[in-house]
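Student: I would like to work through this model with you, one question at a time. Please give the reasoning before the value or name in each answer.

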Amino acid sequence: MNKRSHSIAFWAAVAVFLVAVLSMTQIVRNEYPFFAGYVILQFIALAVAWSILGGYAGYVNFGTNAFFGVGVYTAVALFKATGAPLAVQIAAAAVVGMTLGFGVGLLTLRMRGIFFSIATIALAIIIETFVMNWRFVGGAAGIQIQRPPVTAPFDSYVKMLFFVQAVLVVIAVAIARYVQNSRIGRGLQALRDDELAAECTGVPTLKLKLIACMISGALISAAGAPAAMYLQYADPSSAFNLSYSVSALAMALIGGTAHWIGPVLGAILLGSTQQLLAVTISSEVNVLVLGIMLVLFVVGAPKGIIGLLRPRYRLRAGGKQ
Amino acid sequence: MNTAADAPLLQVGTLTRTFGGFTALDNISVDIRKGERFGLIGPNGSGKTTLINCISGALKPQVGSVVFCGENITQLPPHLRARRGIARSFQIPRPFRSMTVLENLMVGLDFAAAGSAAAEEEIAMSILTRMGLASKAGAASATLSQVELRKMELARAMAVRPKLLISDEAMAGLSSSEVDEVLDLLISLGEEDITIIMIEHIMQAVMRFSERVMCLDAGKIIALGAPGEVMADKRVQEAYLGT
């Protein structure tokens, strides 16, 4: 009963959000809010996707940039080769990201904790090096992208990307919410606490870890796919920039990982602060601010914003009152 | 005495497990009968925990087989063994620390003995009541006392709905009244058709609990039989009791 009313409230909020985003693209004429908003939405999607593996399962993935870059370059390669529309690029990026996630999931067989994290950094470097030497997509010099004409009802490409990224956020949040409230979520929580005890209590830990890696990877790559269209340009060192990893991780941790709302709040807070700073001071300050906030939260509120708001999340990911 | 027609619940056959040059288990063969209360003793490092790790699947033996209910499970991962009815507690308690006591049990019910969510909560509560932990159902497992943790580990194992329950030193570090409490629980579980293997150092508990006792030393079985006989065995006394 309670669960059902929660569901209704959730989907109502989703509908309101999407309608608001869509009407914003129709009403607001200035392009800047969409330009900035796209980045914030992108970080929400990244942080939520990251926390499925990093938060629920406790496997800290430092390779968000690997998945992001793979998403960017899947879209670029596909667009250059076939001129595929944006939706197809995103879907293809999700599939490739999922495959990569499967590979990363296999790493968890042998590596835990910090070793897993280091392996994911290495993965990003390997893939970046590969792309740097891939002539077809421009190699190290990068590639210019000519945007195709925008489709109705949007009057500019950035507005359309803003809406697309909002849809990706909704997909990421809906999946994270489903995982959290399902058996999968409980299993991931159990294996995060103690993998052997979970296994001996009947939890198929490898399977759940693979699922978490694949979902997380697919969502991160999907969120990265429109980036080339957004910038009209792609190059390996920005597509595989480590700052994506740091941001996604910091946003999720600052928001709190016990509930899907945590990464959303963290990304909104940090993402908008960063956008504000980039305009008022400089984008270089962003990294500093990120670091300071992360330190403050780790010391002052180790369970993130949601831990401050609702003490019971110190204990567990919600789901019922 | 059990009738000859009863096939053993668990058959451990010529099990050998080495760690590098160290042989932790050396050619161990033993059958555990259905419904039996089986005591496993031996000095520290004699291979008791390695043996139950091989039975529960946390370790795989290099040689030998584990047959449970007539099925060879030697290569199965632990979660599939749990689903077939092998549950265990750990020598050092390993609770799911971010969960409440009730949720700890729900993990086993969710994954090893699936049913509807409402029914699961009811079952979990009845197990907790049984274990005398009902009042702690909503408590964070990280806040439990030692004896409560031990009981919760057993309760969580029970949530898997086991045919075979392996208790790895569930009484270590408990006071004598707490030992009796846990022992009574184990004995009452044994009365409901659950086969129990109990690893224990506390001799009174082993004597009171077990129908049969096996003593390991340096990875080998040095005695196997009725508790009185095993205790009287000279090699057991030498190896274990240190005389």
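Student: Which residue in β10(B) is the bridge partner of B:Leu216?

Tutor: Bear in mind throughout that this is a predicted model. Strand β9 of chain B covers residues 212-217 and is joined to β10(B) by five bridges, the two strands running antiparallel. Within that pairing, the partner of B:Leu216 is B:Ile221.

Student: Which residue takes a positive phi in the hairpin of β9(B) and β10(B)?

Tutor: At this end of the pairing, B:Asp217 stands opposite B:Lys220 in β10(B). The hairpin has two residues between its strands, and the one with a positive phi, near 50°, is B:Ala218.

Student: Which residue of β9(B) is the bridge partner of B:Phe38?

Tutor: Here the relevant pairing is that of β3(B) with β9(B), which is parallel and extends over four bridges. In β9(B), the residue that partners B:Phe38 is B:Arg212.

Student: Which are the edge strands of the open sheet in chain B?

Tutor: The sheet consists of six strands with mixed pairing, in the order β6-β7-β8-β3-β9-β10. From one strand to the next the twist averages 20°. An edge strand pairs on one side only, and in chain B this applies to β6 (86-88) and β10 (220-225).

Student: At what angle to β8(B) does helix α6 of chain B run?

Tutor: Helix α6, residues 176-190 of chain B, lies across three strands, namely β3 (37-41), β7 (164-168) and β8 (195-199). Relative to β8(B), the helix runs at about 150°.

Student: What radius of gyration does chain B have, and why does it agree with that of a compact globule?

Tutor: The C-alpha trace of chain B spans about 50 × 40 × 40 Å along its principal axes, and 47% of the 243 residues count as buried. Among contacts between residues at least 6 apart in sequence, 64% join residues at least 24 apart. Because a compact globule of 243 residues would have a radius of gyration near 18 Å, the value for chain B agrees with that expectation, being 18 Å.

Student: Turning to chain A, are helices α3 and α5 roughly parallel or roughly antiparallel?

Tutor: Helix α3 (residues 64-82) and helix α5 (residues 113-132) of chain A pack with their axes 8 Å apart and at an angle of about 25°. Since angles under 35 degrees count as roughly parallel, α3(A) is, with respect to α5(A), roughly parallel.

Student: How many residues of the contact of α3(A) with α5(A) are nonpolar?

Tutor: On the α3(A) side the contact is made by A:Asn65, A:Ala66, A:Gly69, A:Val70 and A:Tyr73, while the residues they meet in α5(A) include A:Leu123, A:Ile127 and A:Glu128. The contact has one charged and three polar residues, and the number of nonpolar ones is seven.

Student: Which element gives the most residues to the side of chain A that touches chain B?

Tutor: In this interface, 19 residues of chain A are in contact with 25 residues of chain B, and the chain A side divides into eight nonpolar, five polar and six charged residues. The elements that give two or more residues to that side are α7 (183-193) and α8 (195-200) of chain A. With six residues, the element that gives the most is α7(A).

Technical notes
Residues are numbered from 1 along each chain as its sequence is written. Chains are lettered from A and ligands numbered from 1 in the order in which they are written. This is a predicted model: local features need pLDDT of at least 70, side-chain atom pairs count only at pLDDT 80 or more; totals for chains, interfaces and linings use all residues. Two strands pair if DSSP finds at least two bridges between them. Axes are lines fitted to C-alpha atoms, for helices over the stretch in contact, and angles run from 0 to 180 degrees between N-to-C directions. Two residues are in contact if their C-beta atoms, placed from the backbone, lie within 7 Å. Angles under 35 degrees count as roughly parallel, over 145 as roughly antiparallel, 65 to 115 as roughly perpendicular and the rest as oblique. Ala, Val, Leu, Ile, Met, Phe, Trp, Tyr, Cys and Pro count as nonpolar, Asp, Glu, Lys and Arg as charged, and the others, Gly among them, as polar. The radius of gyration is taken over C-alpha atoms; the globule rule is 2.2 Å times the number of residues to the power 0.38. A residue is buried if 20 or more other C-beta atoms lie within 10 Å of its own, exposed if 12 or fewer, and partly exposed in between; C-beta atoms are placed from the backbone.
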